[in-house]
Amino acid sequence: VASSKPIPWHWAGMTSTHLWWLESERVCRWSAGAAAHCQPAREPLFLVTSASSVAWSEPDQIVWIQGWASEPQIIRAQSIRGLSVSEERLCWSAWSDDENGADIFCSDGFHLLRPGDQLWPMETAERLFFREGLTVFEVR
């Protein structure tokens, strides 16, 4: 971990077993008593973790490792301004269309479609919070 080179403006994330962080062209993880392990990533932008999942965005996709699956799930999306991961699903904001702007999309098919820009999704328990302008809203 001492030789890591995390991107300064990105925070690290913690799962139940690993510390995760972004470097310029890779995503790294470390657990106590082990060496850091890094894997290639194309311009990683944003990283989120839950107890057993990690996800990060790249310019044209989101990479999601859920429940320690051996293969990451790739979601083709150009996410903007935030991701949110829980044990069950992943949510992100992305441009929808000219009329609706940015919407919230989730891996389970949920799509929050409304005028304006819905950004920075955050899921807790049974609620999904997001920001629209200077106001925080919730759904579900």
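Among contacts between residues at least 6 apart in sequence, 26% join residues at least 24 apart. The model is predicted. The chain has zero helices and 15 strands. Its radius of gyration is 15 Å, close to the 14 Å that the globule rule gives for 140 residues, so the chain is as compact as a globular protein of that length.

**Overall dimensions and surface**

- Along the principal axes, the C-alpha atoms fill a box of roughly 50 × 30 × 30 Å.
- Of the 140 residues, 44% count as buried.
- The chain exposes about 7800 Å². Carbon and sulfur atoms supply 55% of that area.
- There are 11 positive and 18 negative side chains. The centres of the two sets lie 6 Å apart.

**Nonpolar cores**

- In soluble globular proteins, nonpolar side chains tend to be buried together.
- The largest nonpolar core here has twelve residues. Its aromatic members include Phe46, Trp64 and Trp92. Also in this core are Val48, Ala55, Ile62, Ile75, Ala77, Leu83, Val85, Leu90 and Ala94.
- Four elements are listed as giving two or more residues to this core: strand 5 (46-49), strand 7 (61-66), strand 9 (79-85) and strand 10 (90-97).
- Strand 10 gives the largest share, three residues.
- Another core, of ten residues, lies apart from it. Among its members are Trp20, Val54, Trp56 and Val63.

**Leu83 and its contacts**

- Leu83 belongs to the largest core.
- Residues up to four places away in sequence are not counted in the contacts of Leu83.
- Leu83 touches the core members Phe46, Val48, Ala55, Ile62 and Trp92.
- Leu83 also touches Trp56, Ser57, Cys91 and Pro121. Of these, Trp56 is a member of the ten-residue core.

**His18 and its surroundings**

- His18 is found in the loop between strand 1 (13-14) and strand 2 (19-23).
- The relative accessible area of His18 is 19%. The cut-off for buried is under 20%, so His18 counts as buried.
- Leaving aside neighbours within four places in sequence, His18 is in contact with Gly13, Arg29, Trp30 and Ser31.
- His18 and Ser31 are 13 residues apart in sequence. In space, their C-alpha atoms are 4.7 Å apart.

Note on methods:
Residues numbered from 1 in each chain as written. Predicted model: local features only at pLDDT ≥ 70, side-chain atom pairs only at ≥ 80, totals over all residues. Heavy atoms only, no water. Core = buried A, V, L, I, M, F, W, Y, C linked by side-chain atoms within 4.5 Å. Buried < 20%, exposed > 50% of the residue type's maximum accessible area, 1.4 Å probe, protein only. Contact = heavy atoms within 4.5 Å. Rg over C-alpha atoms; globule rule 2.2 N^0.38 Å. Areas by Shrake-Rupley, 256 points an atom, 1.4 Å probe, with all protein chains shown as cover. Lys, Arg positive; Asp, Glu negative; His and termini not counted. Charge placed at Lys NZ, Arg CZ, Asp CG, Glu CD.
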